[in-house]
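I sat down today to look up side-chain contacts in a model, and these are my notes. Pull up the viewer and follow along.

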Amino acid sequence: MKLVPEFRTVDTATVTYTRLPRGRRRVTIDHRPLANVTPSDLLGWFSGLDGTIEYGGRTVPRYLAWHPIDHIRWELARPAPGGGAAEGARFRIVEQFAGRPEWRVDVVDRVEKLDETGIRLVQRVAGVIVLQLEHTWSPGRDRTHYVSVLDLGARALPVVNRVLRRRFPDEMVRAWVRHNIEEVGQLEHLLPG
């Protein structure tokens with residue numbers, strides 16, 4: 001049995017959809033600040049995704065507690081050069097947005113940045129970035145400002161952008177936005193203390 005948290009709704013964030021040249025797309029989500037969460041807490045969360053957490057009276061994988069409906073599996077596909085989940089690591093992420101099998105993703109992302117200012121996950125084809133997800137964090141008084149930016153498409157390979165549009169249509173992008181707002185909001189309940 002999965003526990004279903006009270007997720008944040010899409011209207012708790014400011015979402016911007018931008019069409020870029022050559023069929024590229026960008027989605028920016030400016031989340032409502034996370035109360036009682038620090039950038040250091042977020043760095044610890046992303047560095048320790050392979051761990052467990054007490055959730056609903058049970059010990060469960062952190063990744064499943066983070067979004068009990070959409071998250072299926074997370075694994076460290078390749079450790080960082082210095083070991084563990086840090087810059088240079090590869091994360092395997094399996095999830096399905098809105099719990100819908102047709103919106104399932106099973107990807108391996110390279111961690112190109114992970115520090116107290118955020119995390120950047122990148123997918124490349126023939127060395128060219130085709131998908132980039134960057135979360136940035138900045139401290140405030142008893143809260144952290146959190147912004148997510150998803151870039152879909154390659155600047156130099158428009159054919160890839162057409163494939164990405166079919167694989168990641170606009171309806172699925174909107175489902176990802178909801179998913180991202182829900183999981184970011186969940187951190188407010190998982191991290192404090």
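My entries go from charged pairs to one helix and then to the aromatic rings.

**Entry 1: salt bridges.** I noted at the start that this is a predicted model. My lookup of salt bridges returned 14 of them. I began with R19 and D170, whose closest N and O atoms are 2.7 Å apart. This pair connects distant parts of the chain, since R19 belongs to strand β1 (residues 14-19) and D170 to helix α4 (residues 170-190), 151 residues apart. Is R19 buried or exposed? I found R19 exposed, because its relative accessibility is 54% and the cut-off for exposed is over 50%. D170 is partly exposed, at 25% relative accessible area. I also saw that R19 and D170 belong to a salt-bridge network together with R25 and R165.

**Entry 2: E134 and its partners.** Next I looked at E134, which forms a salt bridge with K113 at 3.6 Å, N to O. Here strand β10 (residues 128-140) supplies E134 and strand β8 (residues 104-115) supplies K113, with the two positions 21 residues apart in the numbering. Both E134 and K113 are buried. E134 also meets R120 in a salt bridge, 3.1 Å from N to O. R120 sits in strand β9 (residues 118-125), 14 residues from E134. I checked the burial of E134: its relative accessibility is 17%, so E134 counts as buried under the 20% cut-off.

**Entry 3: helix α4.** I went back to the helix that holds D170. With 21 residues at 1.5 Å a residue, α4 should span 30 Å, and its end C-alpha atoms are indeed 30 Å apart. I also recorded that α4 is mostly covered, with 16 of its 21 residues buried.

**Entry 4: aromatic rings.** How many aromatic pairs does the structure hold? I got 7. One of them is F46 with W66, edge-to-face, with 5.4 Å between centres and 85° between planes. F46 is in helix α1 (residues 39-47) and W66 in helix α2 (residues 62-66), so the pair ties together parts 20 residues apart in sequence. F46 is buried at 3% relative accessibility, and W66 is buried at 5%. The rings of W137 and Y146 are tilted, because their planes meet at 50°, with centres 6.2 Å apart. W137 is buried at 4% and Y146 at 0%. I was pleased to find that ring pairs join W45, F46, Y63, W66, W137 and Y146 into a cluster.

**Entry 5: a charge over a ring.** Last, I noted that the charged end of R100 sits over the ring of W103, 3.7 Å from the ring centre.

Methods. Residues are numbered from 1 along each chain as its sequence is written. This is a predicted model: local features need pLDDT of at least 70, side-chain atom pairs count only at pLDDT 80 or more; totals for chains, interfaces and linings use all residues. Side-chain values use heavy atoms; hydrogens and water are left out. A salt bridge is a side-chain nitrogen of Lys or Arg within 4 Å of a carboxyl oxygen of Asp or Glu. Helices (H or I, at least four residues) and strands (E, at least two) are DSSP runs, numbered from the N terminus. Buried means under 20% relative accessible area, exposed over 50%, partly exposed in between (1.4 Å probe, protein chains only). The expected span of a helix is 1.5 Å times one less than its number of residues. Rings of Phe, Tyr and Trp (its six-membered ring) pair if their centres lie within 6.5 Å; planes under 30 degrees apart count as stacked, over 60 as edge-to-face and the rest as tilted. A charge sits over a ring if NZ of Lys or CZ of Arg is within 6 Å of the ring centre and within 35 degrees of the ring normal.
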